[in-house]
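Please open the model in your viewer and keep the sequence panel visible beside it. The tour below proceeds by selections, each followed by a note on what is found there.

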Amino acid sequence: MSCIKCRWRQFLIKKKSKSLVVPYFLWVLIYGFYFVGVKLIVLKIAPQFIQNPDSTALNWTWLDWVHGIFGYSAKEGAGELPDFVYQFWFIRDLVILTIISPVIQFFMKKFPRGFFALVSILFIAPVNVYFVQTQALFFYTAGLYWGKFDFPLFEKIDKISWGEAVVLFLVSFFSAWTFSDGSGKTAMYWCAVLSSCILFLKLSAVIEKSKKAYGILSYLSAFSFWLYAIHMPVLNGLLKRVWLKFLPMKNPFFCLAEYFGVTVLTIAIGLALGIALKKIFPKLFALLTGGRG
């Protein structure tokens, strides 16, 4: 029985990897054209609008192309992400972590507490591990621990009241904004991420109890990868520029309004584009989302 489970698990991992790898290269190609191809076209048509004409892909080395496609660079380090890869670092890192998972599981078995403590310190500090993003290593390892030791995560979250969850998020959010170093990767920032996960998990439990809400969100879940792929760097970046032009962040209230306002607009516009694309070109939508929907 254990052999059958192992083979089934390997099959799911391979199937999942294929569904992620194809969209990864397609979106990298799309953003590559956006950031490089469009710049080259404008350089030919209206060169006066290009501030740095020498920084086009025509002058790239092969290492620059590796960095653009895979997100690694000998000059900047693995922690620096180019515009091509951007939010798709999680796919690239997921593939790498899946390959080295036997090594991670070896240390989990030999030093269960010590290894998790080490990964947690690297995550909170944060420390660049150079082969993947540190947060990817932490969440992937935490998932392995959760699966191996069957930690009652949802039961623990249920014990947290709504008031405590909201206060935790607000405190971590404003602390991250107050003590930001400009990189957005401070320890408080990731605490805000974790607290937001608690909020959404509690919200999902409420939604599950409503058949109507559950049915609507089950339909919308087909667009989750699409929204993640399209939201940055183009759509969210453009909306943020427009928002800040009319409502600059003068105080914490405007900061909070910008954070949620731009997010809501990004989701609404991105979802509308996804629904239209799926209805008009369903095969293209499936290709760009790895068969989702």
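The stops go from the whole chain to the cores, then to single helices and residues.

This is a predicted model, in which local features need pLDDT of at least 70 and side-chain atom pairs count only at pLDDT 80 or more, whereas totals for chains, interfaces and linings use all residues. Residues are numbered from 1 along each chain as its sequence is written, and side-chain values use heavy atoms, with hydrogens and water left out.

**The whole chain**

Begin with a cartoon of the protein chain, which has 13 helices and zero strands; helices (H or I, at least four residues) and strands (E, at least two) are DSSP runs, numbered from the N terminus. Of its 293 residues, 32% count as buried, where buried means under 20% relative accessible area, exposed over 50%, and partly exposed in between (1.4 Å probe, protein chains only). With a surface displayed, the protein chain exposes about 18,900 Å², and carbon and sulfur atoms supply 71% of that area; accessible areas come from the Shrake-Rupley method with a 1.4 Å probe, and for residues only the protein chains shown count as cover. Among contacts (heavy atoms within 4.5 Å) between residues at least 6 apart in sequence, 65% join residues at least 24 apart.

**The cores**

Next select Trp27, Phe88, Leu97, Ile104, Leu137 and Trp226, the residues with the most contacts inside the largest nonpolar core, which has 39 residues. A nonpolar core is a set of buried Ala, Val, Leu, Ile, Met, Phe, Trp, Tyr and Cys residues joined through side-chain atoms within 4.5 Å. Helices that each supply at least two residues of this core include α1, α6, α12 (252-280) and α13 (282-288), while α11 gives the most, with eight residues. Centre the view on tryptophan 27: not counting residues up to four places away in sequence, tryptophan 27 touches Phe88, Phe225, Trp226, Ala229, Ile230 and Leu288. Apart from the largest core lies another core, of six residues, among them Ala165, Phe169, Phe173 and Leu199.

**Helix α6**

Now select residues 134-149, helix α6, whose 16 residues reach 22 Å from first C-alpha to last, close to the 22 Å expected at 1.5 Å a residue; the expected span is 1.5 Å times one less than the number of residues. Its buried residues include Phe138, Tyr140, Leu144 and Tyr145. Aspartate 150 follows α6 and has a positive phi, near 50°.

**Lysine 202 and serine 161**

Which residues does lysine 202 touch, not counting residues up to four places away in sequence? Select lysine 202 in helix α9 (residues 187-208), and its contacts appear as Ile157, Asp158, Ile160, Ser161, Trp162 and Ala165. Lysine 202 counts as buried because its relative accessible area is 9%. Its C-alpha lies 7.1 Å from that of aspartate 158, although the two residues are 44 apart in sequence. Serine 161 lies in the loop between α7 (153-158) and α8 (162-178), and it counts as partly exposed because its relative accessibility is 33%. From serine 161 to leucine 199 the C-alpha distance is 10.0 Å, with their positions 38 residues apart in sequence numbering.

**Leucine 238**

Finish with leucine 238, in helix α11 (residues 224-246), which counts as partly exposed because its relative accessibility is 42%.
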